[in-house]
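Colleague: Before I rely on the labels attached to this model, I should like to hear the reasoning behind them. Please take me through them one at a time.

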Amino acid sequence: MNDDSDLFFGLSEIQETIKKYPTPFHIYSEKGIRENARRLYRAFSWSRGFKNYFAVKACPNPYIVEILRDESGGVDCSSLPELVLSERVGLRGNDIMFTSNDTPAGEFAKAAELGAIINLDDITHIPFLEKEAGIPDVICFRYNPGQLRRTKEGNVIGTPSQSKYGLTKRQLFDAYGIMKSKGVKRFGLHTMIASNDLSISAFTETAAMLFDLVAEISGRLGIRFEFVNLGGGLGIPYRPNEKPVDIEELGREIKLIYEEKIEKAGLGPLKIFMENGRLMTGPYGYLITRAIHEKHIYKEYIGVDASMSDLMRPGIYGAYHHLTVLGKEGAKHDHKYDITGSLCENNDKFAIDRLLPEIKIGDIIAIHNAGAHGHAMGFNYNGKLRSAELLKRADGSIGMIRRAETVKDYFATLDFPESKFKSLSSVS
Ligand SMILES: *Cc1c(COP(=O)(O)O)cnc(C)c1O
């Protein structure tokens, strides 16, 4: 959310929470995640078998994945650990879509073992998959439309003709033909073009493109498609002047295209899948941090106890994240600050030249829209330790769903015990 009024917690609640779980931490709202998921499913309730396969990479915490699983969601995985995470929350079979690229053999084997829908990124992956895991019952291919589609500036996926993913249109015909000759009877078609796109047209155009392709491929090869997967990428409003995507309108528009291109052509029923990550958790997570330093040089700086290892979108994409100084929502925003973390990189800033209320040391700052691609992108560069993750349950209680990393974790992958360290230092 991009407005102070959308916070799902108050200052005193966070002050209480901090006594038990020190800052910085991420906090998610179970209620927000559930309500949003239900809204998405309602908007597509006309489509039998509609499913959102949550892109696990956006928020790979099993407690969060469990909530989405309860709301009829599947998971979109792209690596072995993500497959194992999904298995641990009890997801198997066609509730898992495995969309990977440059895939190691063992990952196909695990996906096949779980009965996941395997979505191949390239035509050369057919013999590779056959050798490593055999030919599955159901197969999907990822389409890259190349020059046929352009995406807006700043799309992190890049324009299709420059992106590494998927098969060309020509290759698709060959690929489905090969699979048909190998006895496969269940088919799906996938693409993922948009990223953080707030326009409905980006998704209706994708739906129309895939429906046309389904008609063309099934006509030419005599195969029947069971589903199309429109990919993820539905955007969320990060900036105060941005509006959320009208999900109901999106559902209605895709329904019209479906009736025209699929139903009338006798190609139904065709299930519609999506694999949104950001839309499902982004607005329902905040990074909570405290002001620990102020600095007055050529600019005014507020140093907080979180850093870009907790949320690197501002640092790497220059992304805007709204900030609320808790308890000062109504105060005049008349102080211009850079809000910084402690990394030895000058792009470790959560905000640049941002007008905010006067900040005092100890003030608590909530960084909005950190629920997707936030904690998940954390790292240990510069000896930074990843923060904890908390969940505000539907009953209002707040609990920890992942502890913060410790120095011990930092050394956990090294065969360099403390005792050895001591003996070495005593030698020198
Ligand atoms: C990252 C990714 C998604 C999710 O993207 P969001 O912007 O979080 O919705 C979905 N599908 C694939 C293949 C991805 O790589």
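Modeller: Helices and strands here are DSSP runs, of at least four residues for a helix and at least two for a strand, numbered from the N terminus. The model is a predicted one. In these terms, glycine 222 lies in the loop between helix H8 (200-221) and strand E8 (225-229).

Colleague: Why is glycine 222 called exposed?

Modeller: Exposed means over 50% relative accessible area. Glycine 222 has a relative accessibility of 57%, so the residue counts as exposed.

Colleague: Which residues does glycine 222 touch, leaving aside those up to four places away in sequence?

Modeller: Contact means heavy atoms within 4.5 Å, and by that criterion glycine 222 touches Lys180 and Ile217. Lysine 180 is 42 residues apart from glycine 222 along the chain, and their C-alpha atoms are separated by 9.1 Å.

Colleague: What makes the buried residues of H1 line one face of the helix?

Modeller: In helix H1 (residues 11-20), the residues Ile14, Thr17 and Ile18 are buried. Viewed down the axis of H1, the buried residues fall within an arc of 105 degrees, so they line one face. Ser12, Lys19 and Lys20, on the other side of H1, are exposed.

Colleague: What do the buried residues of H1 pack against?

Modeller: Their partners are five strands by name: E1 (25-29), E10 (285-296), E15 (364-367), E16 (388-392) and E17 (398-402).

Colleague: How many disulfides does a search of the whole structure find?

Modeller: The search finds 0 disulfides. For cysteine 59, the nearest cysteine sulfur is that of cysteine 77, 14 Å away. A disulfide requires sulfur atoms within 2.5 Å, so a pair at that separation does not qualify. Cysteine 77 is likewise in no disulfide, its nearest cysteine sulfur being that of cysteine 59.

Colleague: Are these cysteines buried or exposed?

Modeller: Buried means under 20% relative accessible area. Cysteine 59, at 3% relative accessibility, therefore counts as buried. Cysteine 77 has a relative accessible area of 0%, so this residue is buried too.

Colleague: Why does phenylalanine 416 count as partly exposed?

Modeller: The partly exposed class lies between under 20% and over 50%. Phenylalanine 416 has a relative accessibility of 34% and therefore belongs to that class. The residue is found in the loop between helix H12 (407-411) and helix H13 (418-427).

Colleague: Which residues make the nonpolar surface patch?

Modeller: Phe416 makes the patch together with Val407, Tyr410, Phe411 and Leu414. The area of this patch is about 470 Å².

Conventions. Residues numbered from 1 in each chain as written. Predicted model: local features only at pLDDT ≥ 70, side-chain atom pairs only at ≥ 80, totals over all residues. Heavy atoms only, no water. Buried < 20%, exposed > 50% of the residue type's maximum accessible area, 1.4 Å probe, protein only. Arc of directions from axis to C-beta. Patch = residues over 30% accessible without salt bridge, like charges linked within 9 Å, V, L, I, M, F, W, Y side chains within 5 Å. Areas by Shrake-Rupley, 256 points an atom, 1.4 Å probe, with all protein chains shown as cover. Salt bridge = Lys/Arg side-chain N within 4 Å of Asp/Glu carboxyl O.
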